[in-house]
Amino acid sequence: MSVVAAAQEIRAEVGKAIIGQENTIEQVLVAVLANGHVLLEGVPGVAKTLLVRSLARALSMDYGRIQFTPDLMPSDVIGTNVFNPKTGDFELRKGPVFVNVLLADEINRTPPKTQAALLESMEERRVTIDGEPHQLPPPFLVFATQNPIDFEGTYPLPEAQQDRFLLKVLIDYPTDTAEIDVLKRHHAGFRPQSLEAAGINPIISVADLEMLQKEVQETTVEDKVFNYIYEIVKATRTSNDILVGASPRAGIALLNCSKAIARLRGREFVIPDDVKELALPVLRHRVILRPEAEVEGLSVDRVLASVINAQVVPR
């Protein structure tokens, strides 16, 4: 099955639960094909959790959810060794991180120590418990959510952890037509608690997904596209409005996402428009604005859009 065919079927299944949000679904598919994690930001009630659950089911993946709270401990995330008095040995009690798709709900509501428990799992796809490493089941994808307006009792994500997310996807309210359709669907009996009853079926296997990810990696990239990616990333480091620019990891992320979106569009090669389209979600969580820019009311997206548009698009 090609990337285009698989994506069409996955969109159709996820669409049984999620109405509208086509751009959000596409960006999430880009992250899945590029084997990267996603930070989802949106107000409560815009179907962030439902989106991740529906996607995991369509991809035939084990799904787990952690509700991040101020009293959550690292062992509540990765697990711990527990003494068994019957055998006289310690046995591993795996934490909820041992799944294919992990939803870290309201990740900014837990202290940095617990947030950091996800760092190794996100970067290395493994965890270390009492000095012993344990591999996580491949593929391992983290979808973390956070509320953009409620900051009371929250702990902002450290830059190191934000940088582990391939994309930061902003989820807005649905359109008027889409929201009315949501009301009608719920009136007709749709219940988000039961995806089976909604008719969402597994479309591809984990092995199929790994083949699609390999196909994405083999996408052709010309030198002019490599240069374009580099110029965008470099420009974030010299902007007068940006205090901390994007790192080389950001360039790698932009490259991988550009290859994924090219395959979704049915191409075996990347064009500059692919890079430009994904630059904002790849970069918006990897740069820090200068205080003066914030005082002037500039947003990260506005500054980045200006930086991106200032670069010469190769032909």
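Me: Helices (H or I, at least four residues) and strands (E, at least two) are DSSP runs, numbered from the N terminus. In which element does Asn256 lie?

Reply: Asn256 lies in helix H11, residues 248-264. The model is predicted: local features need pLDDT of at least 70, side-chain atom pairs count only at pLDDT 80 or more, and totals for chains, interfaces and linings use all residues. Residues are numbered from 1 along each chain as its sequence is written, and side-chain values use heavy atoms, with hydrogens and water left out.

Me: Why is Asn256 called buried?

Reply: Its relative accessible area is 17%. Buried means under 20%, exposed over 50%, and partly exposed in between (1.4 Å probe, protein chains only). So Asn256 is buried.

Me: Which residues does Asn256 touch, beyond those up to four places away in sequence?

Reply: Asn256 touches Ala34, Val216 and Gln217. A contact here means heavy atoms within 4.5 Å.

Me: Step back to the whole chain. How many helices and strands does it have?

Reply: The protein chain has 14 helices and 11 strands.

Me: What makes the chain as compact as a globular protein of its length?

Reply: Its radius of gyration, taken over C-alpha atoms, is 20 Å. The globule rule (2.2 Å times the number of residues to the power 0.38) gives 20 Å for 315 residues. The two values are close, so the chain is as compact as a globular protein of that length. Along its principal axes, the C-alpha trace spans about 70 × 45 × 40 Å.

Me: What share of the residues counts as buried, and how much area does the chain expose?

Reply: Of the 315 residues, 48% count as buried. The chain exposes about 15,300 Å² (Shrake-Rupley method, 1.4 Å probe). Carbon and sulfur atoms supply 52% of that area.

Me: How do you know what share of contacts joins residues at least 24 apart?

Reply: Take the contacts between residues at least 6 apart in sequence. Among them, 78% join residues at least 24 apart.

Me: How many side chains are positive and how many negative?

Reply: There are 33 positive and 42 negative side chains. Lys and Arg count as positive, Asp and Glu as negative, while His and the chain ends are not counted. The centres of the two sets lie 2 Å apart.

Me: Now Gly20. Why is Gly20 called buried?

Reply: Its relative accessible area is 18%. That is below the buried limit, so Gly20 is buried. Gly20 sits in the loop between helix H1 (3-14) and helix H2 (22-33). Outside its neighbours up to four places away, Gly20 touches Ile25 and Ala178. Its C-alpha is 8.4 Å from that of Glu179, 159 residues apart along the chain.

Me: What about Ala47 and Ser60? What do their phi angles show?

Reply: Ala47 has a positive phi of about 75° although it is not a glycine. Ser60, also not a glycine, has a positive phi of about 60°. Ala47 is in the loop between strand S1 (37-41) and helix H3 (48-58). Ser60 is in the loop between H3 and strand S2 (63-67).

Me: Why is Ala47 called partly exposed, and why is Ser60?

Reply: Ala47 has a relative accessible area of 30%. Ser60 has 32%. Each value falls between the buried and exposed limits, so both residues are partly exposed.

Me: Why is Asn100 called buried?

Reply: Asn100 has a relative accessible area of 6%. That is under the buried limit, so the label fits. Asn100 is in the loop between strand S4 (89-94) and strand S5 (101-105).

Me: What makes the link from Asn100 to Pro139 a polar contact?

Reply: A polar contact is a pair of N or O atoms within 3.5 Å; within protein, one must be able to donate a hydrogen and the other to accept it, and residues adjacent in sequence count only if both atoms are side-chain atoms. The backbone oxygen of Pro139 lies 3.1 Å from a polar side-chain atom of Asn100. The distance is within the limit, so the pair counts. The Asn100 side chain also reaches the backbone oxygen of Pro138 at 3.5 Å.

Me: How do you know which form the peptide bond from Pro138 to Pro139 takes?

Reply: Omega is near -15°, and the bond is cis. Pro139 is in the loop between strand S7 (132-135) and strand S8 (141-146).

Me: Last, Arg126. Why is Arg126 called partly exposed?

Reply: Its relative accessible area is 31%. That lies between the two limits, so Arg126 is partly exposed. Arg126 is in strand S6 (residues 126-129). Its side chain makes a polar contact of 3.4 Å with the side chain of Glu120.

Note on methods: The place of a charge is taken as NZ of Lys, CZ of Arg, CG of Asp or CD of Glu.
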